[in-house]
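The following exercises are to be worked with the sequence and the model side by side. Each task is followed by a stepwise solution.

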Amino acid sequence: MVRALINGPNTAQRGQVIELRVLIQHPMETGYRRDSDGQTMPRNLIRSLRCQFVATRASATQPAVAAQSVFEAKLHAAVSANPLVAFHYRAQTGGRLVIEWRGDGGFVQQATHELTVT
């Protein structure tokens with residue numbers, strides 16, 4: 001299980017540019033190192049990181065809003081263990097930032113950050 005810490009403001013003014021920082025606890029094993037028995041350790045990398053924004057609906061009768069892509073990054077073997085990724089976002093409406101990362105072995109995980117816009 002991979003853990004993530006998302007650091008960013010919970011509130012922003014409309015049009016304000018905010019910085020979000022995502023720290024992902026992950027070993028980022030390249031597959032080239034050997035363990036104490038001399039065996040090659042299996043590769044275990046985060047391959048991509050994506051952030052999407054889902055606006056808050058004003059009422060339950062409104063249709064669901066499609067997720068808007070905010071940030072995407074492809075990560076490679078040279079990325080350190082426990083990578084920290086920072087990016088900026090211009091807040092227009094309140095909603096939820098959904099951060100998803102994918103890695104070797106087919107794992108996919110998500111974390112969310114609620115944002116209120118005044």
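**Exercise 1.** Where is the place of N82? Determine also its backbone phi and its exposure.

Solution. The model is a predicted one, in which local features need pLDDT of at least 70, side-chain atom pairs count only at pLDDT 80 or more, and totals for chains, interfaces and linings use all residues. Residues are numbered from 1 along each chain as its sequence is written, and side-chain values use heavy atoms, with hydrogens and water left out.

Step 1. N82 lies in the loop between β5 and β6; strands are DSSP runs (E, at least two residues) and helices likewise (H or I, at least four residues), numbered from the N terminus.
Step 2. Although N82 is not a glycine, its phi is positive, about 55°.
Step 3. N82 counts as partly exposed because its relative accessibility is 39% (buried means under 20% relative accessible area, exposed over 50%, partly exposed in between, with a 1.4 Å probe and protein chains only).

**Exercise 2.** Which loop holds M28, and is M28 buried or exposed?

Solution.
Step 1. M28 belongs to the loop between β3 and β4.
Step 2. The phi of M28 is near 50°, a positive value in a residue other than glycine.
Step 3. M28 counts as buried because its relative accessibility is 6%.

**Exercise 3.** Describe the secondary structure and the overall dimensions of the chain.

Solution.
Step 1. The chain has 0 helices and 8 strands, and its elements run β-β-β-β-β-β-β-β from the N terminus on.
Step 2. The C-alpha trace spans about 60 × 25 × 20 Å along its principal axes.
Step 3. The radius of gyration is 17 Å, whereas a compact globule of 118 residues would have one near 13 Å (taken over C-alpha atoms; the globule rule is 2.2 Å times the number of residues to the power 0.38).
Step 4. Of the 118 residues, 32% count as buried.

**Exercise 4.** Which strands pair with β4, and in what sense?

Solution.
Step 1. Two strands pair if DSSP finds at least two bridges between them.
Step 2. Strand β4 (residues 46–55) pairs with strand β7 (residues 95–103) in the antiparallel sense over 9 bridges; within this pairing, V54 has R96 as its bridge partner.
Step 3. Strand β4 is also joined to strand β5 (residues 68–74) by 6 bridges, again antiparallel, with R50 opposite E72.

**Exercise 5.** Assign the two faces of β6 and identify a residue pair that links this strand to β3.

Solution.
Step 1. In strand β6 (residues 84–90), V85, F87 and Y89 form the covered face, while L84, A86, H88 and R90 form the uncovered one.
Step 2. Strand β3 (residues 17–25) runs antiparallel to β6, and 7 bridges join the two.
Step 3. One such position is L23, which stands opposite L84.

**Exercise 6.** Characterise the surroundings of D104.

Solution.
Step 1. D104 is found in the loop between β7 and β8 (108–117).
Step 2. D104 counts as buried because its relative accessible area is 16%.
Step 3. Apart from neighbours within four places in sequence, D104 is in contact with R43, N44, L45 and R47 (contact means heavy atoms within 4.5 Å).
Step 4. From D104 to T40 the C-alpha to C-alpha distance is 16 Å, and the two residues are 64 apart in sequence.
Step 5. For the chain, residues 24 or more positions apart account for 59% of the contacts with a separation of 6 or more.
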